[in-house]
Structures are given as structure tokens and as C-alpha cells.
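Me: I keep running into labels like "buried" and "oblique" and want to see what stands behind them. Can we take this structure and go through the labels one at a time?

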Amino acid sequence: MSGLDWLVFAVYFGAVVAFAWRQSRKNRGVEGFFLANRRLGWGAIGLSVMATQASAITYIGTTGQAFDDGMEFVQFYLGQPIAMVILCVVFVPFFYRSKVFTAYEYLERRFDPRTRSLTSFLFLVSRGLSAGIVLYAPAIVLSVIMGWDERVTILVMGLITVAYTIMGGITAVIWTDVLQMIVMFAGIGIAIAVLFSTLPEGVGVGDVAYIGGIHEMWRSIDLSWDPTNRYTLWSGLIGGLFLALGYFGTDQSQVQRYLTASSLRQSRLSLIFNAFVKVPMQVFILAIGVLLYVFYHFERPPLVFNSAEAAMVRESPRAGAFAELEAEHERTHELRRESTLAVLEARRSGEDPAALQRRIAGFDDELERLREASKSLVSEVRGSSSNDVNYVFPSYLISYVPAGILGLLIAVIFAAAMSSLDSELTALSSATVIDFYRRHVKPEGTDAHYLLVSRLATLGWGGFAVLFALYAGQLGSLVEAVNEVGSIFYGALLGVFLLAFLVKRATAAGAFYGLISAMLAVLAVSRFTEIAWLWYNVVGTLAVLAVGLALRSREPQAPRRSAASAG
């Protein structure tokens, strides 16, 4: 990065942190640290809810996903607007009126302590793993930009984020999210504008749409009912609906957001805002990935987008084989580039471009073969697998984005990562302290004592996230990895809350054993079948409901509230 980039980056990041820290000074005690003393409005909460989900993975993983597979990933989000409406009607009133600190605290009041502890424990496991993936994403960017080892960047990012979260609490987190989302919206527009400006002269919007179309990159709807197909209309509307209900309705990182609202109406408005804005935002981000795919028909893409891994292979005994692949890759790309320009010329002159399109398809297959061969070389030299798709967008930024704008876009990714990670850490520490430490270890401590323990818990979870992040690079596409990890757990958690909210005769035994049965069912499906991971959420939810309904009482159950549950 240039000096101007560093200046833009430093000014933006410093302003965000200073503003968030100033807002966090309004916190009072543990309730202030975890819930901002329940005083925030729907706008700040709505942007924070969106920012928690729209991490650096959104920029890095989603664009890389679209570069490889086109717009089909948008189907993943189609169930989310429906989920937001259901949450506003069913979930939010229960949580807000019960005045709980965590979502799982409510389950003790409705069922028993073991159900609360088990659901909170499952949240800690799933969100702890996800926090590591969230931390790994910006490490990719920094390693590409600076040539640092990913392990160094993970440690640096982890230390900064943990320190900031310990000082600021949830208020600092939410206001950081607000500014980060505003700049992220601007960053999406800037990224698209820069991509168009770097295309060859004479190649316009219509040409880009045409090239993407002949490769079926814009195809976003698949009507297949095949459950092994990852992204279809039905997996998005059904599996995505269940995932969104599980994530936004049972995950403490999200529930904690709307518990900070000053009223029930403000909580609901924050979710309705997401229902209208989230899907269009994801469409534009996916479009960046497709535009990159088209762009690299004219500009030669790296054989390996991860420059650090490419350098590692060039310095290894396999350097000769890699050089041969690069030379072949350059020749094939030039042939594809000439054919692509010829197709556009034929289109403008009214000629039939079918033969040229078939020729381009052949070059695409050859380039894909060369990419796979290069990945094998990288894995052989590195000693472990790595998914190059996560490096597509960072590599483009470094090579083609002008000074100043590069600093802003890197700042967006950096702030997005920190905003998501600190959200994870506040949620993990709140569940640890409220659901376990205060409930089982020291129920009579002072507010100052719990505040100290909360900060220590934040430090501990930050360390765990760093350790897991060191492994995350082997998980493939980051945007898939973070959602696949969540899908193992969210269906089961959702089923328990649906029992609590909707089935008056549901019992503690039904909820507890239903939760265990659901986790076993999901693990069995993921291990022994080819069913796509979005459907895991449906399997988990239905398993809990089946067991819960089978073990329900004959008489209506009155909601339970033990004396200890308030802690």
C-alpha cells in the first residue's frame, strides 16, 4: 500500500475507534457492558445486526464464491426476509419482555437449568469456532498486502480486537458496526465502479452482462429439489429460513443486539430494516465476484491468487513444474482473451458467436485444469490444503485499485472483521458469565466482580478464536465454512426455542432429550449422507420438535421460573 493508502486507513480506523470508545463511556455496570443499559434505537441496532453477519467474510468469501460459482449463492439469503417477520411476531416479544441477559436464560424459566446450560454450551462451541473463521478472513487480506505470514496477522488482529472489546463493551461494538456498515455500503459502490473503470476501453455494462451470461454466472435460481445440491430455490427458502431463524432467533450474538433496544417496537424495527436491506446488499456483493470473473477474461489472472503461496512454490524443488504451468496458463489466457474480444465484436456486428463461445468454453476448461494442478503443487509444498478462492478479491485490490481508494477498501474489510469479531466476543463472554459463572459458580457476586470476570472471559475467548483461526485456512470457502459450522447447531437450538414459545405442554425432558437427539441426527446426516448443509437446520429443528411433542405432558405446562434463574 502507498503512503496515501496508509493515511486513509489510519484516519478511518482511528475515527471509528474514537467514536465507539466515546459512546461506550455511557455504559454502567454489567448491564451496560453486555446490553448498553437497554437504551438504543432501531437504526443503530439494525445496522449492528447486519454488520455482525456482514463480516470481512462477506467481502472476501462471498466475492470468491461468486467468482467460482456465479450468483447462485444468493438463494441462501432468500428465506431471511420471511425469518425476520416471524422473529418480530414470535421471538422478540418473549425475549424482550422477560428482561433476560442471554437467550438461554429464558429457557431455564420455561424449562429447567440443564436445558439452559446445554443450549448455552452448544452456542459457545458453535460461535467459538465461527469466531476463529471470522478472525482468519482479514488475515488473508493483510498477508496478501504486506507479505506477512498469516499466523502473524492473526495474532496482531486478535490482540487489537480483544483489547478494544474489553474496554468498550457492547455499546462500542454497536456504534463501530454503525459506521462500518455505512462505509461498507459506500465500499460496495466504489468496488463496482473501480471494476468497470479497469475493463478494456470499449467494454461496457452490456458486454459484461453478456460475457457473464454465456458462462451462466448470472443464473441465480435453481428449481431442483435435489437435497444434495447446495444452493437451490428450495434449500434457500426452506433451509435458509430455518438457518436465519436459528441464527437471528437463538444465537446470543444476535439476540443480544435487540435486547439493547429501548422498547419492543425498536427491537422489531431493527429486524424489519434487515428484512428489506440484506438481500439487495448481498446481490451487489455477489455481483462483484461475477464482475471479477469477467474482468479476468481480459486481464490475465494469477495462476495462484495467494501470492505468499505462489512465492513458496517458486522457492521449492517444484519451482520448475510451477513455471511450466504458469507459461501454459499465460498462453491459454491470451487465447481466451482474443476469443472473448472476438465474441463481443461478433455480437456487435450481428454475426453468430456460437462457435467462438464453444472455443471459449474449451479454454475455460483448460484454465480450470491448470488451476487444479497448481493447487495440487501448493498443497504438496505447503503440506496442507488451501482454497485459493479466498484470495481472489484481495489480489485484485492490490493489483488494480488506485492509491487512496485501496486504503479505504482495506479499511472497510479490516473494520468489518473487527466489528464481527468483537460482536462474537461480547456474546461469548455474556453467555459464559451469565449462564455459567453467575448461575453455577458465584451467584452472589458484586456487579464490579462480574464486570471483571466478563472482561477476563472476553480475553479467554479471544485466545480461543486465535488458535482456531490458525486452522481455518484449510476449511475451503470461508463464507461456506462459517455457515456450515453454524448449521450443525442452529436447527437443534431453534427447535428448543420453538417448543418453548409455541408448545404449551412441552416439558423440560422433551426439550433436553430433543436437543440431544437433534444433535445426533444432524451429525449422522452430515457424516453418512450427501445432503447439503443448509438442510441440516431443518433436520435439527424437526428432530427436537418430534421428541418434544412425544414427551409433552398431558396437562398444559405453566411457564417455570426458578429463584435462581434470574442469575
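Me: Why is glutamate 105 called buried or exposed, whichever it is?
Reply: This is a predicted model, so the value is computed from predicted coordinates. Glutamate 105 has a relative accessibility of 1%, and buried means under 20%, so glutamate 105 counts as buried. It is found in helix 6.

Me: Which residue is glutamate 105 set against across a long stretch of sequence, and how far apart are the two in space?
Reply: Arginine 439. The two are 334 residues apart in sequence, yet their C-alpha atoms are 9.5 Å apart.

Me: And tyrosine 247, what makes that one buried or exposed?
Reply: The cut-off for buried is under 20%, and tyrosine 247 has a relative accessible area of 8%, so buried is the label. Tyrosine 247 sits in helix 10, residues 233–250. Its C-alpha is 9.9 Å from that of alanine 83, and 164 residues along the chain separate the pair.

Me: What is there to say about phi at arginine 38?
Reply: Phi is near 50° there, a positive value in a residue other than glycine. Arginine 38 belongs to the loop between helix 2 (29–35) and helix 3 (42–53).

Me: How do you know whether arginine 38 is buried or exposed?
Reply: Its relative accessible area is 13%. Under 20% is what buried takes, so arginine 38 is buried.

Me: Lysine 99 has a positive phi too, so what is the value?
Reply: About 55°, although lysine 99 is not a glycine. Lysine 99 is placed in the loop between helix 5 (80–98) and helix 6 (103–110).

Me: Why is lysine 99 given the label it has for accessibility?
Reply: Buried stops at 20% and exposed starts over 50%. Lysine 99 comes out at 44%, so it counts as partly exposed.

Me: On to helix pairs. What makes helix 8 and helix 17 oblique?
Reply: Helix 8 (residues 150–197) and helix 17 (residues 405–441) pack at an angle of about 140°, with their axes 5 Å apart. Roughly antiparallel needs an angle over 145, and roughly perpendicular covers 65 to 115. The angle of about 140° fits neither class, so the pair is oblique. The crossing of helix 8 and helix 17 is left-handed.

Me: Which classes of residue make up the contact of helix 8 with helix 17?
Reply: There are 21 nonpolar, nine polar and two charged residues in that contact.

Me: How do you know what to call helix 14 and helix 15?
Reply: Their axes cross at roughly 155° and come within 9 Å. The line for roughly antiparallel is over 145 degrees, so helix 14 and helix 15 are roughly antiparallel. Helix 14 passes helix 15 in a left-handed crossing, and their contact has 14 nonpolar, seven polar and six charged residues.

Me: Why is the pair of helix 12 and helix 16 oblique?
Reply: Helix 12 (residues 264–295) and helix 16 (residues 392–400) cross at roughly 60°, their axes coming within 11 Å. Roughly parallel would take under 35 degrees, and roughly perpendicular begins at 65. So helix 12 and helix 16 are oblique. This crossing is left-handed as well.

Me: Now the empty space. Where does the lining of the largest pocket come from?
Reply: Helix 4 (56–69), helix 14 (319–349) and helix 15 (354–382) each supply at least two residues. Helix 15 has the largest share, nine residues. The pocket holds about 450 Å³ of space.

Me: Which residues lie nearest the centre of the largest pocket?
Reply: Of the 22 lining residues, those are Tyr293, Arg336, Asp364, Glu368 and Arg371. By class the lining has eleven nonpolar, four polar and seven charged residues.

Me: How many cavities of 30 Å³ or more are there?
Reply: Three. The second largest has about 80 Å³ of space, and ten residues line it, with Val304, Glu309, Lys375, Val378 and Asp388 closest to its centre.

Me: Which helix gives the most to the lining of the second largest cavity?
Reply: Helix 15, with five residues. The lining of this cavity divides into three nonpolar, three polar and four charged residues.

How values were computed
Residues numbered from 1 in each chain as written. Predicted model: local features only at pLDDT ≥ 70, side-chain atom pairs only at ≥ 80, totals over all residues. Heavy atoms only, no water. 1 Å grid on protein atoms, 1.4 Å probe; cavity = no way out; pocket = protein on both sides within 12 Å on 5 of 7 lines; lining within 4 Å. Points joined across faces, edges and corners; volume = space filled by probe spheres on them. Helix = DSSP H or I, 4+ residues; strand = E, 2+ residues; numbered from the N terminus. Nonpolar A, V, L, I, M, F, W, Y, C, P; charged D, E, K, R; others polar. Axes fitted to C-alpha atoms, helices over the stretch in contact; angles between N-to-C directions. Left-handed = near helix turned anticlockwise from the far one by under 90°. Buried < 20%, exposed > 50% of the residue type's maximum accessible area, 1.4 Å probe, protein only.
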